[in-house]
Each structure stands twice: as C-alpha cells, then as structure tokens.
Amino acid sequence: MRRQQMKIRYLTALALLATAAAHAQSAKQLDQQTAAMMQASFREQGIAKMDRIAQDDAQKACSQAKPPSAAVTKKIEAAQLASVKWPADGQYIGDWKEGEKLAQNGRGMTWTDASAAAGKNGAMCYNCHQVDKKEISFGTIGPSLWNYGKLRGVTDPADPASAAIVKYTWGKLWNSKAYSACSTMPRFGHAELLTEAQIRDLMALLLDPKSPVNQ
C-alpha cells in the first residue's frame, strides 16, 4: 500500500511539472504571437516610429495580467528614480504663465506633427487633471491639481522648508514611475517629451504662490 501511494504521489508530481512546463511554453508562445501581431498591426508614419511599441522593463512588468510584486515594484521605482535628471543649476521654478500655456496645449507626438523633439510638445495637463477652477473641461483620470502648492504649504518654493515637495514634484514630472511603478502619467523628462525649461514652467504653475493654481 505504501509503495502504491508513493508511486501515485510521484506520478502526480510529474504530471504537475509537465503541466507547469506546458503552461510556461504556452505563455512564451503567446508572448511571441502578441509581439508578432503588434509588429504587423502598426506602421511608421511621419514622426511616429515603430520603436514606440517597444517596452522597457517597467512597462513590461506593468503590462502583465497581475500587478508586479512589492519587491519588483520597489526595484522599478528605484531604477526610475535613479534616471531622474535634476536641474544642474538647482533652479526648479520657471514662469507660471508659460506653464499654463503648456498645460492647455494638447498637441504633440502625433504622426502629423513636424518634429518629435523635446520642446515641440504641449504638456496636455487638462487631459487628465483639473488645474484651474475656471476651466469647465478637464480630465479626471488623474487627481485635481487645484491649489497644489497651497495645500502642501508652499509659500516660497525657494524656502528650504519647501525643498522636499519641490524635489518630489520635479521628479514626478520628470519620471512618474519613480514614485508609482505603474503610473500612466507621461514621463515628460525621461521620454524627452519636454525640455528642462518647460518642466520648470510647469513647476511654477503648480508651486508659485502667484500662479492661478494657488489662488
């Protein structure tokens, strides 16, 4: 009887291993088929090139059926944070008036645009956020940014007491995945969608006490 039970357990274990191997092979094949389908479904046109469908490690991890584990999430965020380029001159704040123009500008990176260079795009903030109470049309995918600096106690962005939130805001704009691994917010600096000067202007829109955002 004991020998029979051991035989059954052994065969069961082999069956489970075979099933797992078959599943792994099937998943690999599905990934290959998906990649082939993506390549066949898109084409280059204008400034829109095929490299846009290539995923980095963070995007791959966040495209799986299940969210990445806590350990993988931590690893992704650490790597993304390390990629953030901080202002070489320490100047984080630009012109909020220019920042508002960027927030309103939803153009850029389409095949009909003349250039994919950083600085040729808008920030498209209103696509996902409420930024100003006067606006009647805005997205709700992201949280409201109304009173962003005011609610966080920023009365002077240059004050050392505001340094933490100023640096966080820059990092979030530069590479949102540094703080939320699977964030869907554009990585404006990391992806070279905006220049440092443009990001400074968005910083001013969010943090300058004179900005309409903080009135």
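**Stop 1: the nonpolar core**

Start by selecting Ile199, Met203 and Leu207: within the largest nonpolar core, which has 29 residues, these three have the most contacts. Keep in mind as you go that the model is predicted. Now colour α4 (96–104), α6 (163–174) and α7 (196–207), since each of these helices supplies at least two residues of the core. The largest share comes from α7, with 7 residues.

Zoom in on Leu207 next. What does Leu207 touch, once residues up to four places away in sequence are set aside? Show Ile93, Tyr148, Gly149, Val154, Pro157, Val166, Thr169 and Asn214 as sticks, and you have the list.

**Stop 2: zoom out for a moment**

Switch to a cartoon of the protein chain and you'll see 7 helices and 0 strands. Walking along the sequence, the pattern reads α-α-α-α-α-α-α. If you colour by accessibility, buried residues come to 33% of the 215 residues in the chain. A contact map is worth a look too: of the contacts between residues at least 6 apart in sequence, 58% join residues at least 24 apart.

**Stop 3: along helix α4**

Go back to α4 and pick Glu100, which lies in that helix. Is Glu100 buried or exposed? Glu100 counts as buried, because its relative accessibility is 16% and the cut-off for buried is under 20%. Ignoring neighbours within four places in sequence, Glu100 is in contact with Tyr126 and Leu205. Try a distance label from Glu100 to Ala204 as well: the C-alpha atoms are 9.1 Å apart, while the two residues are 104 apart in sequence.

Stay on α4 and select Glu98 and Lys101. Their side chains meet in a salt bridge, at 3.2 Å from N to O. Both residues sit in α4, 3 residues apart, or about one turn of the helix. Lys101 is the exposed partner, at 54% relative accessibility, whereas Glu98 is partly exposed at 34%.

**Stop 4: more salt bridges**

Side chains of opposite charge can pair when their charged atoms come close. How many salt bridges does a search of the whole structure find? The total is 7.

For another one, select Asp132 and Lys134, where the closest N and O atoms are 3.0 Å apart. The burial of the two partners is worth displaying here: Asp132 is buried, with 4% relative accessibility, and Lys134 is exposed, with a relative accessible area of 64%.

Then move to α7 and select Glu196 and Arg200. This pair forms a salt bridge with its closest N and O atoms 3.4 Å apart. Why are Arg200 and Glu196 separated by about one helical turn? Because they are 4 residues apart in helix α7. Arg200 counts as buried, at 15% relative accessibility. Before you leave, add Lys85 and Asp89 to the selection: salt bridges that share partners link these two with Glu196 and Arg200 in one network.

**Stop 5: the largest pocket**

Turn on a pocket surface. The largest pocket has a volume of about 1400 Å³. To centre the view, which residues should you pick as lying nearest the middle of the pocket? Take Thr184, Met185, Pro186, Arg187 and Leu193, out of the 44 residues in the lining. Both α6 and α7 supply at least two lining residues, and the largest share, 4 residues, is from α6. Colour the lining by class and you get 24 nonpolar, 11 polar and 9 charged residues.

**Stop 6: the second largest pocket**

Last, hop over to the second largest pocket, with about 390 Å³ of space. For the lining, select Asp31, Thr34, Ala35, Met38, Gln39, Ile53, Ala54, Gln55, Lys60, Ser63, Gln64 and Ala65. Highlight helix α1 (residues 2–41) at this point, as the largest share of this lining, 5 residues, comes from there. The class colouring here shows 5 nonpolar, 5 polar and 2 charged residues.

Terms used
Residues numbered from 1 in each chain as written. Predicted model: local features only at pLDDT ≥ 70, side-chain atom pairs only at ≥ 80, totals over all residues. Heavy atoms only, no water. Core = buried A, V, L, I, M, F, W, Y, C linked by side-chain atoms within 4.5 Å. Buried < 20%, exposed > 50% of the residue type's maximum accessible area, 1.4 Å probe, protein only. Contact = heavy atoms within 4.5 Å. Salt bridge = Lys/Arg side-chain N within 4 Å of Asp/Glu carboxyl O. 1 Å grid on protein atoms, 1.4 Å probe; cavity = no way out; pocket = protein on both sides within 12 Å on 5 of 7 lines; lining within 4 Å. Points joined across faces, edges and corners; volume = space filled by probe spheres on them. Nonpolar A, V, L, I, M, F, W, Y, C, P; charged D, E, K, R; others polar.
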